[in-house]
Amino acid sequence: MNKLLTLALLGIIISTVACQEESKGVLIADYKIRYMAVSNTLDLQAKYKVLIPQVSAEAFFPADGVDVLEKPMEFKSMQGHTDDYYSLKERIPFPEAIKFWFKNQKNELIEQAVEFNPLKNLSINGDIIQRDSGFHLVWEGDTLSNKDELRLIFDYKTEQPVRMNMVGGSSGKKLFIRKEQIAQLKKGRVKIALIQRRYQNYPEGSAVLGSYIVEYYHTPISIVVE
């Protein structure tokens, strides 16, 4: 009888612990990274929430705050107007690795990385754009992945900018922009802003789920359209 009572009590304890662990929910991270190559300015934002399936989603604030690039992030209270978040702005070369450190709801130290290699030395092949034949945008470094978006903004200053989005991967280190895609361009000198953007989910099974968005603003290209 005592054995049965002991087993029953043990089952209750195990069940209670399991329920407590489940009630802690799933930790979700949301990161936003913006980099301006002209000024070498890196702007980082991080926010967290705990998702309890079929119950609720609540904001989560790590016990000791959040560190990134071996520096503490500043907590930004939005006074209920939108979600509170952590922020860090630095003037540095774009880092090879961006790693966030924080303690989860179980008080365990978590390291979460953002992986992103920007294209390098973007340029227009031939240093001129011919409207009747299109042009090649070339670069050094990696090819574009299928998670990348490349946004081109042609700014004439006195005219409405012409915007173009290129989505998807590249087979090499160049993209061909067809003449049909630049039919709105006018002759003259134009400045092209190039924004490389990536949205990435963390894979299932990660210690922390969620996603990150990187926006890398490359140095604009000044070129002549003929």
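## Glutamine 196 and its surroundings

In this predicted model, glutamine 196 touches a long list of residues from elsewhere in the sequence. Among them are Phe116, Asn117, Pro118 and Leu119. Leu144, Asp148, Glu149 and Leu150 are also on the list. So are Val214, Glu215, Tyr216 and His218. Residues up to four places away in sequence are not counted here.

Glutamine 196 sits in strand 15, which covers residues 188-201. Is glutamine 196 buried or exposed? Its relative accessibility is 0%, so it counts as buried. The cut-off for buried is under 20% relative accessible area. The side chain of glutamine 196 has polar partners. It reaches the backbone nitrogen of leucine 119 at 3.0 Å. It also makes a polar contact with the side chain of histidine 218, at 3.1 Å.

## Strand 15 and its partners

Strand 15 pairs with strand 12, strand 16 and strand 17. Take strand 12 to begin with. Eight bridges join it to strand 15, and the two run antiparallel. Strand 16 also pairs with strand 15 in the antiparallel sense, over seven bridges. Strand 17 covers residues 221-225. Five bridges join strand 17 to strand 15, again antiparallel.

Individual residues show how these strands line up. Aspartate 148 stands opposite arginine 198 of strand 15. Tyrosine 199 has isoleucine 213, in strand 16, as its bridge partner. Valine 190 is matched with isoleucine 223 in strand 17. One general point helps when you look at strands. In a regular strand, side chains alternate between the two faces of the sheet.

## Aspartate 148

Aspartate 148 belongs to strand 12, residues 148-155. It is buried, because its relative accessible area is 2% and the cut-off is under 20%. Which residues does aspartate 148 contact, leaving aside its neighbours within four places in sequence? They are Phe116, Met166, Val167, Gly168, Gln196, Arg197 and Arg198.

Two polar links involve its side chain. A polar contact of 2.9 Å joins the side chains of aspartate 148 and arginine 198. A polar atom of the aspartate 148 side chain also lies 2.9 Å from the backbone nitrogen of serine 145. Now look at serine 170. It is 22 residues from aspartate 148 in sequence. In space, the two are 9.5 Å apart, C-alpha to C-alpha.

## Salt bridges

How many salt bridges does a search of the whole structure find? It finds 12. Side chains of opposite charge can pair when their charged atoms come close.

One salt bridge joins glutamate 215 to arginine 34, with the closest N and O atoms 3.0 Å apart. Glutamate 215 is in strand 16 (residues 209-217) and arginine 34 is in strand 1 (residues 26-36), so the pair ties together parts 181 residues apart in sequence. Glutamate 215 counts as buried, at 14% relative accessibility. Arginine 34 is partly exposed, with a relative accessible area of 40%.

Lysine 47 forms a salt bridge with aspartate 83, and here the closest N and O atoms are 3.4 Å apart. Lysine 47 is in strand 2 (residues 41-52), while aspartate 83 is in the loop between strand 6 (74-76) and strand 7 (85-91), so this pair links parts 36 residues apart in sequence. Lysine 47 counts as partly exposed at 25% relative accessibility. Aspartate 83 counts as partly exposed at 48%. These two residues and Asp30 are linked in a network of salt bridges.

Glutamate 149 pairs with arginine 151 in a salt bridge, with the closest N and O atoms 3.0 Å apart. Glutamate 149 is buried, with a relative accessible area of 16%. Arginine 151 counts as partly exposed, at 27% relative accessibility.

## Nonpolar cores

In soluble globular proteins, nonpolar side chains tend to be buried together. The largest nonpolar core here has 29 residues. Those with the most contacts inside it are Tyr31, Ile33, Tyr48, Met73, Phe100 and Val114. Which strands each supply at least two residues of this core? They are strand 1, strand 2, strand 7, strand 8 (98-103), strand 9 (109-114) and strand 16.

Valine 114 shows some of the contacts. Leaving aside its neighbours within four places in sequence, it is in contact with Tyr31, Ile33, Ile98, Phe100, Tyr202, Tyr212 and Val214. Another core, of 25 residues, lies apart from the largest one. Phe154, Met164, Val190 and Ile192 are among its residues.

Key: Residues numbered from 1 in each chain as written. Predicted model: local features only at pLDDT ≥ 70, side-chain atom pairs only at ≥ 80, totals over all residues. Heavy atoms only, no water. Helix = DSSP H or I, 4+ residues; strand = E, 2+ residues; numbered from the N terminus. Buried < 20%, exposed > 50% of the residue type's maximum accessible area, 1.4 Å probe, protein only. Polar contact = N/O pair within 3.5 Å; in protein donor to acceptor, adjacent residues only side chain to side chain. Contact = heavy atoms within 4.5 Å. Salt bridge = Lys/Arg side-chain N within 4 Å of Asp/Glu carboxyl O. Core = buried A, V, L, I, M, F, W, Y, C linked by side-chain atoms within 4.5 Å. Pairing = 2+ DSSP bridges.
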